[in-house]
Every structure is written in C-alpha cells, then in structure tokens.
Amino acid sequence: METPNISSSSFLWYFIRFLVLVCLILCSLETCFTLEERDVKSHLGLEYSHTVQVKSLQPATTCSPSTEGHDKKASVLKVVHKHGPCSHFYQSHKENAPTHTEILEQDQARVNSIHSRRNPKKAIDRRGQRQWDGVTVPALSGSTVGGGNYIVTVGLGTPKKQLSLTFDTGSDLTWTQCRPCVRPCYKQVDPIFDPSVSSSYANVSCKSMECSKLKSGTGNAPSCATSTCVYAAAYGDGSISVGFFAKETITLTSTDVFNGFLFGCGEINQGLFRGSAGLLGLGRDSISFVEQTAAKYGRFFSYCLPSTSSSTGFLSFGKEKSRRASKGVKYTPLATLPQKEYSSLYGINLVGITVGGRKLPISTSVFKTSGTIIDSGTVITRLPPQAYSALRHAFQQGMKSYPRAPAFSILDTCYDFSSYGTVNIPKIAISFMGGLTLDLDGTGIIYPVTASQACLAFSANKNDSDIAVFGNVQQMKLEVVYDVAKGKLGFASGGCL
C-alpha cells in the first residue's frame, strides 16, 4: 500500500487541531467535575454551612475586650454583658449569676411583657400618696424578671455618680433606684443614687407638660404627690418601678453632658434588672434618651453587642461617631406597626428566611399578620408558629448527621456535640424589606447550653398574631444602626469581633 505524502506543515496543522480538541474535552470535563463537586458540596451542606469549633461555644472566664468602637473622645459607651467577666458585677456576684434556665425564663417573661402591651395588666394602684399606701408591690425578686443583659455606664447628677444601666430599645423611660427606698429596693452593685446630694436635681411639677408625657412613655397616667409628678412603670410580668419624675444632669463623656434630662427617680422598684442600677430607655417616645438628645445626635445611634459574654461592645450616638455609618452598612426601612400599643418600638418588615441556601416556603402574609420588632433586650428571636415550623424542619434536615439532645426550656431543637471537635451548621439568612438579606453568624444560630446540649436559637410565639421579635443573639458581631430621623435600620458586619 502506498504511504500518503503528508508535509511537515500539514502534520503540524493536524497536531495543533488535535491539541485544541483535547483541551476542549479536558476543559469540558473539568467544568463537569467542578459542577459535580459544587453539587456534592451543596448536597452535603458544606457550601451553605458554618464550620464551628465546639470548644468556642463555651464561655470564657477572662475578659477579652474589643478594640472596635472604643473612642474615649467620642460619644461612645462600652457595652458589657451583665454577667460576663468584663462586667464589674462578675467578681462580686458571679455565684449569683443566672443559670441558662433562668435566662430563658426571664427572656420569656420579657416577651410576655411585650405581648401584654395589647392587653395591659393593672399591676398597681396609682393614687400616688407620698407614703405609697395605694401601691400594691408584686411579690417578686430581682432574679425572676426578664430584663436585658447588656449594660453601659453613665454619670448622673452634680457631682456625677457613675451608674450601670441596662440599655433597652424596648423601653422609653430612663430610671434608676433612688434614696430613700420607701419599700426595700432590689440589690444593685453601684451605690443607690441620692438626689439630695446633687445640686442639679429637680422634681417635675404634676401640672407641667413634661409630666403629661408619661402616659405615652410608660403606658400609665401620672399621679401627683404634693404637686410633684409621680411615674409608675408597670411591666407585663408584674414588675414595677415607682417614684418621682425629675430633671437631672446626665453625662456620657466630658463633651456629652445634658442638663435637665427627664428621668425616673424610683423609690419602689421590684422584680427588675438584677445587679444593674436601672434602665436607659432608647425607644421612640418623646421621653426616651434618643428623643431628648435629638438636637445633638439627630436621632441616630448604633450599637454592637459583644460577640461573647467575655468580650465587649459599644453603644454610640450621632452619625459622625458611628464607625460604619457611611460604609459597609445595608439598610431596611423602619416599619410603622399597625398596633398603636407598639408605636414606641422599632418595627421592621421581615419578609423571608433562607436555610442552607434554600428559601423557605413561608408566605409573606405570615410576617405581615404578626409584624416584627427588633429588640436589644430579648435574647431569643421569636417567630410566628408557621414560620418557626418551617425553619425548624429545614434546620433539622441539615443537621441529620448529629445526635439529638433533649429540648431545653423554650428551645426545642437541640443537639449533642460532645463527641465532635468541629460541627457544620446550616447557614441561616433573614430577609427584610428593601432587599436587605442578613446572613447570620454561627453565634446567631446556636444557643449553647453545654457541648452536649446546643440548641437552635429561635423559638415560636404562641399565636401567629403575636408580634415577632428579632432578638439579640441574632444581632451579635454586627453593628446595628438606628437612623430614626430617616426612618431606617442598618446592619454592618464585623462590628466588634
């Protein structure tokens, strides 16, 4: 047979075509393998999961303060967990720190308090006698009430006295325990404020415009005692603070001093805030700290809650003081809640939930029916039962490889991680109106009781009509930005790591 005559140039041309064909095949195969690998990762939940070290779930016993946001020259306050090692309560009261059971019971009491605004209980008689003869004080101790867990230190009076107050976006009235305590006050770490030694203290007249503001700020009409305005803050769990409505100088920093600040000087206080001296109200009513300082701060504040109980965060006021006010923050509109009882709370429009990369089949009408607020003092996020059921089912599907643990208090989806060094937890994202989708950190998904009982950090309301609450576990490691003047709420990642 005659051998074909192929020139060297023709051979080279055929060889190049062969190489191109091989490359195309290999590229195609590589794409297939890449796609197959992605599918495997997605199927195993690796692409849409957090890898968490089990030992990191347990709290540390030493303080590791964050350096983020702590500008001593600015209007920035350090935030600490009340019962963590960064708090001055820790050494003197650590043996009395609440258990996880107590924390969650207190949290449920707080949520009951929020829900009870629609059906307020008449916890006290408001005749307002100086001896408080008409006041019925509930038989409660400070350990059984759902107060917030994060505190800041401010100065009150002239000369100023340093007081550690629980800051609370769910309340409006700022108050502290005052001498003399007509009935025994609860125990606090700081000395109880004595208005008689402050040159800037002044009671508010019960005939003044300021006194009339108490009705919307506390839900209770003010009373009079010898022409002095008397406030009564009654909470849904039966806790109360009763005393004189007054004006005083409040100091954040050397350059942030406010004269004539309206606050409650409580002489009967029971059931609230174990250890702290009272409350800093950051709600939307006219008597809140946010509104009273609007001329300076423009109704703008932000906070970052400590990522663990052994670290620190910050609370800042004024747009120029926010680290991320101009960068990295994504906003959703603040919502006007249909229930007038919640008008002083910060409403947001929750529209969807994603678990492991898949959006849950929850109708937006479920969230519209309940409405949603964001609250600094509620620990566990509460969802409408329909939404929580879908979230729980999807989360359980993604956690099939881990052994279940018994339910704990209000948390019904728990796992035993005691035999693992690391675990993979399905990612959860919360979507809000305006196109904002918030990817939760692993710390915002798991509530660790112990390594052998780590639980999904969400719970269900009793009814779909109960308002949903976006709690503080889900807010950790974020800077949460409240631009109240412009009617929007923002989140920025990496707030206080």
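In this predicted model, four strands form an open sheet in the order β17-β16-β23-β24, and their pairing is antiparallel. The edges of this sheet are β17 (358-359) and β24 (436-439), each of which pairs on one side only. Strands of a sheet pair through backbone hydrogen bonds, in either a parallel or an antiparallel arrangement.

At the β17 edge, the neighbouring strand is β16 (residues 350-355), and two bridges link β16 and β17 in the antiparallel sense. Val-355 has Arg-358 in β17 as its bridge partner. Strand β16 is also covered by a helix: α9 (residues 385-398) lies across β16 and β23 (428-432), and α9 runs at about 15° to β16.

A second region centres on strand β4. Strand β4 (residues 161-168) is largely enclosed by the rest of the structure, because six of its eight residues are buried, that is, under 20% relative accessible area. Two pairings of β4, of opposite sense, can be followed from here.

The antiparallel pairing is with strand β3 (residues 150-156), which six bridges join to β4. Within this pairing, Gly-155 stands opposite Gln-162 in β4. Together β3 and β4 make a hairpin in which four residues lie between the strands. One of the residues in the turn, Gly-157, has a positive phi of about 90°.

The parallel pairing is with strand β11 (residues 278-281), and three bridges connect β11 and β4. Here Phe-167 stands opposite Leu-280 in β11.

Notes: Residues are numbered from 1 along each chain as its sequence is written. This is a predicted model: local features need pLDDT of at least 70, side-chain atom pairs count only at pLDDT 80 or more; totals for chains, interfaces and linings use all residues. Side-chain values use heavy atoms; hydrogens and water are left out. Two strands pair if DSSP finds at least two bridges between them. Contact means heavy atoms within 4.5 Å. Axes are lines fitted to C-alpha atoms, for helices over the stretch in contact, and angles run from 0 to 180 degrees between N-to-C directions. Buried means under 20% relative accessible area, exposed over 50%, partly exposed in between (1.4 Å probe, protein chains only).
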